[in-house]
Amino acid sequence: MITAIVLIKTSVDRIPEIAESIAALDSVSEVFSVTGTYDLIAMVRVPRHDDLADVIPGKISKIPGVEATDTHVAFRTYSQHDLEAAFAIGLDS
């Protein structure tokens, strides 16, 4: 699974509506409303690298009110949940 972090600039008067439209897309797992240079951050998860083009410029960028995107593709994912699972391997409850 390929994960992309998409930083999104939007029309500030429509942030909630735009966030809901992005969150409704199949490959988008979460959308965060944030402070700073960008208005929203979307987590996009797709099976193939080529699928990113279908989702980000093909769908997210075409939502009315989306002004710009900046995409970062993850090399590897680290999370507390993953660490706990790794340390629990072989342990009996």
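A salt bridge is a side-chain nitrogen of Lys or Arg within 4 Å of a carboxyl oxygen of Asp or Glu. Asp51 forms such a bridge with Arg48, with 2.9 Å between the closest N and O atoms. This is a predicted model, in which local features need pLDDT of at least 70, side-chain atom pairs count only at pLDDT 80 or more, and totals for chains, interfaces and linings use all residues. Residues are numbered from 1 along each chain as its sequence is written, and side-chain values use heavy atoms, with hydrogens and water left out.

Start with the overall layout. The chain has three helices and four strands. Helices (H or I, at least four residues) and strands (E, at least two) are DSSP runs, numbered from the N terminus. Along the sequence they follow the pattern β-α-β-β-α-β-α. The chain has 93 residues, and 30% of them are buried. Buried means under 20% relative accessible area, exposed means over 50%, and partly exposed lies in between, with a 1.4 Å probe and protein chains only. The chain exposes about 6400 Å², of which carbon and sulfur atoms supply 55%. Accessible areas come from the Shrake-Rupley method with a 1.4 Å probe; for residues, only the protein chains shown count as cover.

Now consider contacts, which means heavy atoms within 4.5 Å. Take those with a separation of 6 or more: 65% of them join residues 24 or more positions apart.

Strand β3 is a good place to look next. Five of its seven residues are buried, so β3 is largely enclosed by the rest of the structure. Which strands pair with β3? Strand β1 does, in the antiparallel sense, over seven bridges. Strand β2 (residues 28-33) also pairs with β3 (residues 40-46) in the antiparallel sense, over five bridges. Two strands pair if DSSP finds at least two bridges between them.

Individual residues show the register. On the β1 side, Ile5 stands opposite Met43 in β3. On the β2 side, Val28 stands opposite Val44, and Phe32 stands opposite Ile41. The hairpin of β2 and β3 has six residues between the strands. Gly36 in this hairpin takes a positive phi near 110°. In a regular strand the side chains alternate between the two faces of the sheet.

Stay with Phe32 for a moment. Phe32 lies in strand β2 and is partly exposed, with a relative accessible area of 41%. Beyond its neighbours within four places in sequence, Phe32 contacts Asp39, Leu40, Ile41 and Met43. Phe32 and Ala42 are 10 residues apart in sequence, and their C-alpha atoms are 6.4 Å apart.

Strand β1 (residues 2-10) includes Thr3. Is Thr3 buried or exposed? Thr3 counts as buried, at 10% relative accessibility. Leaving out residues up to four places away in sequence, Thr3 touches Met43, Val44, Arg45, His72, Val73, Ala74 and Thr77.

Next come the charges. How many salt bridges does the structure hold? It holds two. One of them joins Arg45 and Glu30, with the closest N and O atoms 3.4 Å apart. This pair links distant parts of the chain: Arg45 is in strand β3 and Glu30 is in strand β2, 15 residues apart. Arg45 is partly exposed at 32% relative accessible area, and Glu30 is partly exposed at 33%. Return to the pair from the opening. Asp51 counts as buried, at 13% relative accessibility. Its partner Arg48 counts as partly exposed, at 49%.

Lysine and aromatic rings come next. The charged end of Lys9 sits over the ring of Tyr38, 5.5 Å from its centre. A charge sits over a ring if NZ of Lys or CZ of Arg is within 6 Å of the ring centre and within 35 degrees of the ring normal.

Finish in the loop between α2 (51-55) and β4 (66-73), where Lys59 is placed. Lys59 is partly exposed, with a relative accessible area of 44%. Leaving out residues up to four places away in sequence, Lys59 touches Leu25 and Asp54. The C-alpha atoms of Lys59 and Ile22 are separated by 8.4 Å, although these residues are 37 apart along the chain.
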